[in-house]
Amino acid sequence: MKKRNLVLTVAVLGIAAGAAYMTRASWMGGGAATVQTPRPRVISVDLAKAERKSVPVDVDAIGQVTPISSVALKSRLETTIVSVHFEDGAKVNEGDLLFMLDARQIDAQIEQAEGVLARDQAQLEGAQRDLRRYTELVGKGATTQVNLDNAKTQSDVLIGTIKADQFALENLRVQKSYTVIRAPFAGRISAANVKVGNFVRPADTQPLAVINQMAPVYVTFAIPQRALVDLRDAMGKADPKVIATIPGHQRSESGKVAMVENAVDATTGMVTVRGIMNNASETLWPGTIVQTKLIIRSEDAVVVPTVAVQRSQNGNFVFVVKDGVAKVQPVKVDRTFQGSSVISDGLAGDESVVVDGQLLLSEGSRVELRARKAGA
């Protein structure tokens with residue numbers, strides 16, 4: 001009897017369990033049929049605005065600073081140095097006294113020439129007196145015409161002699177001026193290669209010193225021939241700007257284009273350009289290698305950060321975000337400028353473009369602006 005009751009109890013429990021399993025959808029609140037669909041994935045990104053602004057058209061190059069004027073001072077006489085009137089490497093002004101050379105020999109020659117001139121002038125005075133006397137005597141018939149002609153000839157000879165004496169004296173004075181060496185223009189002078197007491201002559205290969213003009217100066221560099229047409233067009237309308245910066249430093253000088261070489265180098269396809277820089281503060285030193293930027297003109301264009309531009313087999317593109325959805329926008333990049341890309345086609349300006357997080361994006365991805373960290 002007990003065994004029968006146990007079997008009946010087990011059977012009832014089995015039926016109840018089966019019924020519960022069959023009706024699980026009702027007591028589980030809809031069950032598997034009502035499982036919620038997972039939310040679409042939202043990707044955090046950084047955004048930037050595409051801007052329409054004035055962007056310079058420029059060319060970067062390596063240039064060298066060269067002085068507009070440079071002179072190697074040399075002696076034009078064979079003599080000795082009496083004094084040096086500058087400090088090595090000093091800044092000099094036009095007309096400053098630099099060297100004094102020994103002029104004693106020339107002084108003696110000048111005095112000799114002045115004595116010869118005085119003698120010949122005295123002889124001329126005597127010849128002219130004779131000429132006047134013979135003229136009066138011929139008029140009275142007291143002498144012959146031959147004597148008058150000889151007196152006139154002697155007077156003319158002495159006039160020519162005096163002119164020669166004067167030119168010889170002037171030449172000696174010019175020679176003496178060479179014993180005083182002055183700065184022909186303002187600039188900086190090198191160390192004196194010869195000191196007081198040294199014998200110098202015109203045949204010496206080593207100059208006494210060298211002066212380089214420091215302000216203004218030239219900056220010479222080369223640009224590709226493809227930029228030559230734009231540069232020449234810009235020179236006809238305005239002055240293209242040249243900026244020269246010393247590598248490793250923020251100091252720079254600006255100027256304008258002074259000259260474009262009249263031929264393109266056929267071996268390199270480059271053309272030499274020379275800019276003239278004011279250099280009032282002497283930032284640029286002759287011989288220095290500098291980074292140059294030639295700004296040909298400015299033009300209105302759409303600009304985005306270069307990191308926003310992606311590349312694919314079909315060309316360049318950016319992700320444009322509108323209403324929280326990223327879309328692929330093909331673009332045409334004209335050039336880059338200081339970390340930005342100039343877009344010639346594909347954007348009108350004021351669009352929001354993705355600059356970080358693009359690797360997780362595809363067409364139609366939902367995005368949100370990445371939260372900025374404190375202090376960022």
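**Entry 1: Lys195 and Asp88**

I began with Lys195, which is partly exposed at a relative accessible area of 42%. The model I am reading is a predicted one. I then looked for the salt-bridge partner of Lys195 and found Asp88, with the closest N and O atoms 3.6 Å apart. Asp88 is partly exposed too, with a relative accessible area of 44%. Where do the two residues of this pair sit in the chain? Asp88 is in the loop between β4 and β5 (91–92). Lys195 is in the loop between β8 (187–189) and β9. The pair links distant parts of the chain, 107 residues apart.

**Entry 2: more salt bridges**

I searched the whole structure for salt bridges and got 20. I picked out a few.

Glu282 and Arg188 meet through their side chains at 2.8 Å, N to O. Glu282 lies in the loop between β14 (270–277) and β15 (289–305), and Arg188 lies in strand β8, so this salt bridge ties together parts 94 residues apart in sequence. Is Glu282 buried or exposed? I noted a relative accessible area of 15% for Glu282; the cut-off for buried is under 20%, so Glu282 counts as buried. Arg188 is partly exposed, at 24%.

Next I checked Arg201 and Asp204. Their side chains form a salt bridge at 3.3 Å, N to O. Arg201 is partly exposed at 43% relative accessibility. Asp204 is also partly exposed, with a relative accessible area of 22%.

Which residues are linked in a network of salt bridges? I wrote down Asp230, Arg297, Glu299, Asp334 and Arg335.

**Entry 3: the sheet of four strands**

I traced an open sheet of four strands, in the order β7-β6-β4-β9. The pairing is antiparallel. Which are the edge strands? They are β7 (180–182) and β9 (199–200), each of which pairs on one side only.

I followed one pairing in detail. Strand β4 (residues 79–84) is joined to β9 by two bridges, and the strands run antiparallel. Thr79 stands opposite Val200 of β9. As a reminder to myself: strands of a sheet pair through backbone hydrogen bonds, either parallel or antiparallel.

**Entry 4: strand β2 and its partners**

I moved on to strand β2 (residues 51–67). How many bridges join β2 to β15? I found 14, and the two strands run antiparallel. One position I looked up was Arg52, whose bridge partner in β15 is Val302.

β2 also pairs with β11, again in the antiparallel sense, over five bridges. Here I noted Thr66, which stands opposite Tyr218 in β11.

**Entry 5: helix α5**

I listed the buried residues of helix α5 (residues 228–237): Leu228, Leu231 and Ala234. Why do they count as one side of α5? They cover an arc of only 125° around the axis, which puts them on the same side of the helix.

I then asked what these buried residues pack against. The strands are β11 (217–224), β13 (252–260), β14 and β15. The face of α5 turned away from the buried side carries exposed residues: Val229, Arg232, Gly236 and Lys237. Asp230, which I had already met in the salt-bridge network, has a number that falls within the range of α5.

**Entry 6: Asn279**

I looked up Asn279 in the loop between β14 and β15. Asn279 is buried, at 0% relative accessibility. What does Asn279 touch, leaving out residues up to four places away in sequence? I recorded Met214, Ala215, Val217, Glu253 and Leu284. Glu282, from my second entry, lies in the loop between β14 and β15 as well.

**Entry 7: helix α3**

Last, I checked the length of helix α3 (residues 104–140). Its 37 residues, at 1.5 Å a residue, should span 54 Å. The end C-alpha atoms are 55 Å apart, which agrees.

I listed the buried residues of α3: Ile106, Ile110, Ala113, Leu117, Asp120, Leu124, Gly126 and Ala127. What do they pack against? I found helix α4 (145–177). Just after α3 comes Gly141, and I noted a positive phi of about 75° for this residue.

Note on methods. Residues numbered from 1 in each chain as written. Predicted model: local features only at pLDDT ≥ 70, side-chain atom pairs only at ≥ 80, totals over all residues. Heavy atoms only, no water. Pairing = 2+ DSSP bridges. Salt bridge = Lys/Arg side-chain N within 4 Å of Asp/Glu carboxyl O. Buried < 20%, exposed > 50% of the residue type's maximum accessible area, 1.4 Å probe, protein only. Arc of directions from axis to C-beta. Contact = heavy atoms within 4.5 Å. Expected span 1.5 Å × (residues − 1).
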